[in-house]
Structures are given as structure tokens and as C-alpha cells.
Amino acid sequence: MDSIKPILCLVAVGDKYTPYISSSIEKLSEKYDLCLLTNKKNRLYGVLDQEIYTSKIFTYFAKLTFCIRMALKYKQGVYYCDINKLEELDKLSVNNDGAFYYLRHWPVAEYFHEMEHVQYWRKLIWFWIDRKYDYKQLTTIEEHAFYLPYSDKLNKLEYIVEEIKPIFEYTSLTNDNPYKAIGNGEGLALSYALDVCNINKQI
């Protein structure tokens, strides 16, 4: 089933983010078909798709896998934006729906090799060396807002994201980091998966 309006994926899991749901639907439902991942079990009106998040611990990778699932389900590209940063959505310009679009790199580094000396990433680097992946030109992706195109490469993209997910989650659990959920740095994982799948990235 093709959606007439562009699809926007939103994630609202936990008491900090679920209060944004009503205002987001009211603000965006005329322009977008909304797909929502949330732990709120009551049926929401004004959304195209509502998926219930049932895990006790939230992983940032849920943002990525949810977007890929919705793109596959509706066979079209999807937008994503953090539900508490919706102003970022207006800054996202998509000119070619065959490419992945994002707003900016991480503030700390444009390329991963600028951070490869940081102890936090040592297990990720071991994984990439084992896979003979050359990360020297891998760019970082700030994951607050992006556009994911629909293509026949999405099943592979989902697999690659799922494959690398445990490394990022383990790293976030066994190192100091400022985030309450697990799997932070998911924009880097997404950039890697896009690279492996040969999906063009545009900023």
C-alpha cells in the first residue's frame, strides 16, 4: 500500500517523550503520514501506523530498525525526526529520493578515523578489522533527523544494522557515557550500514 503523503517516523518511548505525542500528531498529521513507535498501549488516532515498544530497556537502535521496517512495509522512503526536536525537520532538504539525506555530522568529528584513538571504540574497530572493512573515509551522521530512501537494499541494510547493534550496545554498557538508554552512537552504525549497502549519503 502506497501512502499519498510522505511518511514520518517518530519514536516516543518513556515518560520523557510520550508527552510529545499529542502535539506532534496535531502539528504534523496534515503534512505527513505518521508512523509511531511508543510504549503507550492505547490506540492513537491520526497516525498511519502505531507499533508498541515492549522491551524494558530502550535502545537507540530502535529508531533505525523502526524506520527501515516502515519503509519496507509501505514501500516508500521515510523521514525520521526526534520527537523533541521537530524543528530540525524543516531544515532537512531532500532533492533525490534515491539517496539518504541527513543534516550534519557529529560535532566531535566528521570522520570516524578522527576518533579511532579513543578507547571507547576499540571493540568496534576490532570488529571492522575482522570484517576487513576500511573505515578511514566513514563519515559520522547526527541522527536527529534524516530521510531514508526506499530501495531493494533495505533488507540488507536491516541485517547489517542488526548485526552491528550488539557491539554498540555492549560498548555503551561497559563504558562511561552520558546517555540513559543503550546503543548510543547509532548514527555511526547507520553510516557504516549505508556504506556497506552502497546507499548514497547526502548532507
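**Overall fold and helix packing**

Contacts between residues that sit far apart in sequence dominate here: taking the contacts in the protein chain with a separation of 6 or more, 73% join residues 24 or more positions apart. The model behind these values is a predicted one. Its protein chain holds 5 helices and 7 strands, and reading along the sequence gives the order β-α-β-β-α-β-β-α-β-α-α-β.

As for overall dimensions, the C-alpha trace spans about 45 × 35 × 25 Å along its principal axes. The radius of gyration of the protein chain is 17 Å, and a compact globule with 203 residues would come out near 17 Å, so the two agree. Of those 203 residues, 54% count as buried.

Helix α2 covers residues 61–74, and its packing against two other helices can be followed in some detail. Take α4 to begin with, a helix that runs over residues 154–174. The axes of α2 and α4 lie 10 Å apart, and the two helices pack at an angle of about 165°. Angles over 145 degrees count as roughly antiparallel, and α2 and α4 are therefore roughly antiparallel to each other. The crossing of α2 past α4 is left-handed. On the α2 side, the contact is made by Phe61, Leu64, Thr65, Ile68, Arg69, Ala71 and Leu72. On the α4 side, Leu154, Asn155, Leu157, Glu158, Val161, Glu162, Ile164, Lys165 and Phe168 take part. Sorted by class, this contact of α2 with α4 brings together 10 nonpolar, 2 polar and 4 charged residues.

The other partner is α5, made up of residues 186–196. Here the axes of α2 and α5 come within 9 Å and cross at roughly 40°. That angle falls outside the ranges for roughly parallel (under 35 degrees), roughly perpendicular (65 to 115) and roughly antiparallel (over 145), so α2 and α5 are oblique to each other. This crossing is right-handed. From α2, Phe61, Lys63 and Leu64 meet Glu186, Ala189 and Leu190 of α5. By class, the contact of α2 with α5 has 4 nonpolar and 2 charged residues, with no polar ones. Phe61 and Leu64 turn up in the contact with α4 and again in the contact with α5.

Back in α4, Ile160 is worth a look of its own; this residue lies within the helix. Its relative accessibility is 8%, and since buried means under 20%, Ile160 counts as buried. Setting aside neighbours within four places in sequence, Ile160 is in contact with Tyr192, Ala193, Val196 and Cys197. Gln202 is another matter: Ile160 and Gln202 are 42 residues apart in sequence and 20 Å apart in space, C-alpha to C-alpha.

Two lysines in loops round off the picture. Lys75 sits in the loop between α2 and β4, the latter spanning 78–81. Its phi is near 55°, a positive value in a residue other than glycine. Lys132 also has a phi near 55°, again positive without being a glycine. The loop that holds Lys132 connects α3 (122–130) and β6 (145–148). With a relative accessible area of 76%, Lys132 is exposed, because the cut-off for exposed is over 50%.

Notes. Residues are numbered from 1 along each chain as its sequence is written. This is a predicted model: local features need pLDDT of at least 70, side-chain atom pairs count only at pLDDT 80 or more; totals for chains, interfaces and linings use all residues. Side-chain values use heavy atoms; hydrogens and water are left out. Helices (H or I, at least four residues) and strands (E, at least two) are DSSP runs, numbered from the N terminus. Buried means under 20% relative accessible area, exposed over 50%, partly exposed in between (1.4 Å probe, protein chains only). Contact means heavy atoms within 4.5 Å. Axes are lines fitted to C-alpha atoms, for helices over the stretch in contact, and angles run from 0 to 180 degrees between N-to-C directions. A crossing is left-handed if the near helix is turned anticlockwise from the far one by less than a right angle, and right-handed if clockwise. Ala, Val, Leu, Ile, Met, Phe, Trp, Tyr, Cys and Pro count as nonpolar, Asp, Glu, Lys and Arg as charged, and the others, Gly among them, as polar. The radius of gyration is taken over C-alpha atoms; the globule rule is 2.2 Å times the number of residues to the power 0.38.
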